[in-house]
Amino acid sequence: MRQRSLVILTSVLTTGALTLTACGSRDDGGNKDSGKKTEIIIGVDAPLTGQNSATGLGIQGGVQIAVDDANKNNTVPGVTFKVQALDDKAIPASGQQNATALVGNDKVLGVVGPLNSGVATQMQQVFATAGLVEISPSNTAPELTQGKNWQTSKSRPFKTYFRTATTDALQGGFAAEYATTTLKKKNVFVVDDKQTYGAGLAKLFKAGFTKGGGKVAGEDHVNTGDTDFSALVTKIKNSKADLVYYGGQYDESEKLTKQLKDGGAKIPVFGGDGMFSDTYIQTAGKTSEGDLVTSVGQPVDSLASAADFIKKYKASGLKGDYGTYGGYSYDAATAIIKAIGNVVKDGKVPDGARAKIVDEVQKTKFDGIAGPVSFDEFGDTTNKQLTVYQVVAGKWKAVKSGTFNG
């Protein structure tokens, strides 16, 4: 589930909004001599309130720490980076409005986000028209990078769009393989939230599950924001399924699993990275025990390369779940910062900077805190690592890591 001359950054927190504003022109030509630094904005778009906000705030926090590190280390001489975080509330139209606002600020030279694939579909064209680079740490719908006909003929629709998360084409199959070969499940009831991410992931899981010899016991859909799943629970129980696969976010699935278990169906719920949040366990409580998710990459808490990031995140008081996409957000922001460093010299932002930064991002290659960072010809990450997590004793525990080749 995704900017730059003299720049300003707005950090939106759950406790309020803090806006830091710098005055000045795009380039006064005197930064080097006067000792003043050019401010450049890294934009963030994510749900910061309401649905999906725990993971959205984790994206914002990851970017903030990357920016803090770049400023502390003087990564780009003559430049001070700031963050402008806008709340899309997981609503596509809001994401489009945010994209327009970020594009309209010539101090913004790159954007991290959005969280949701459905939101991304309404932002990509806005950024592409402006030539502004966008890197999502969480979007997984394959068509975002490979086109609507990606299963038969891949074609990149937007050269400005990149992502540090691998796609559902891999995640769905990885989950299906685990369900059939490791869990030995035979009959699955498939549920999705009718959104771009959820419906797409559920479809790919179903294809992989049946290919592996499993059967689909039933299918149904829910709406985002639903809270009463009693009718769905009855359908699942009557289907005799031994597994529920849910394509969607934690907001609904955390309630579904509780009502399912309380209703007497003692079968696990399996989902994708949209369910991978501590909030899921906190809300579902003991009924979440045994539930599973897949998520991109390896567990960030297990990576030595992420230890300093985690320490800073915890000490900062930043809200949200850093474990889901925080590491990928940090790496996405770092890729943009490095690209800016190759374009902006001594604080001077050249004409056509945005387009030049897009080209530099395409050439990205470095070791990030969440793994190696580079992009293929479609803008997809070359890091195809995935992990299955299971709720064990009230915590997400990694039970399998690897790659999926189809």
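Which residues have the most contacts inside the largest nonpolar core? I opened the notebook with this search, keeping in mind that the model is predicted. The largest nonpolar core holds 74 residues, and I listed I42, F81, I135, F205, F270 and I340 as those with the most contacts inside it. I then looked up which element supplies the largest share of this core and found helix α13, residues 322-343, with 12 residues. Turning to the domains, I noted that this core takes at least three residues from domain 1 (38-166 + 300-375) and at least three from domain 2 (169-296 + 387-403). There is also a second, separate core of 25 residues, and I wrote down I236, A241, A265 and M275 as included in it. As a general remark beside these entries, nonpolar side chains tend to be buried together in soluble globular proteins.

Next entry, strand β10. I looked up residues 243-247, which form β10, and found five of its five residues buried. I then separated the strand by face, since in a regular strand the side chains alternate between the two faces of the sheet. On one side I found L243, Y245 and G247, on the other V244 and Y246, and all of them are buried, so that both faces of β10 are covered, taking buried to mean under 20% relative accessible area.

Which strands pair with β10, and in what sense? I found that strand β8, residues 187-192, pairs with β10 in the parallel sense over five bridges, and that β10 pairs with strand β11, residues 269-271, also in the parallel sense, over three bridges. Following Y245 through these pairings, I recorded V190 as its bridge partner in β8 and F270 as its bridge partner in β11. F270 had already appeared in my list of residues with the most contacts inside the largest nonpolar core. I also noted that β10, helix α10 (residues 250-262) and β11 make a right-handed β-α-β unit.

Next entry, T279, which I located in helix α11, residues 278-284. Is T279 buried or exposed? I entered T279 as buried because its relative accessibility is 19%, and the cut-off for buried is under 20%. Leaving out residues up to four places away in sequence, I found that T279 touches A54, Y250, E254 and D321.

Last entry, the record. I found that UniProt, in an unreviewed entry, lists residues 40-394 as "domain: Leucine-binding protein". Over residues 40-394 I noted 42% helix and 19% strand, with the end C-alpha atoms 42 Å apart.

Methods
Residues numbered from 1 in each chain as written. Predicted model: local features only at pLDDT ≥ 70, side-chain atom pairs only at ≥ 80, totals over all residues. Heavy atoms only, no water. Buried < 20%, exposed > 50% of the residue type's maximum accessible area, 1.4 Å probe, protein only. Helix = DSSP H or I, 4+ residues; strand = E, 2+ residues; numbered from the N terminus. Pairing = 2+ DSSP bridges. Right-handed = clockwise from strand over helix to strand, strands pointing away. UniProt positions renumbered as here; feature names shortened; annotations may be inferred. Contact = heavy atoms within 4.5 Å. Core = buried A, V, L, I, M, F, W, Y, C linked by side-chain atoms within 4.5 Å. Domains from an automatic or database assignment.
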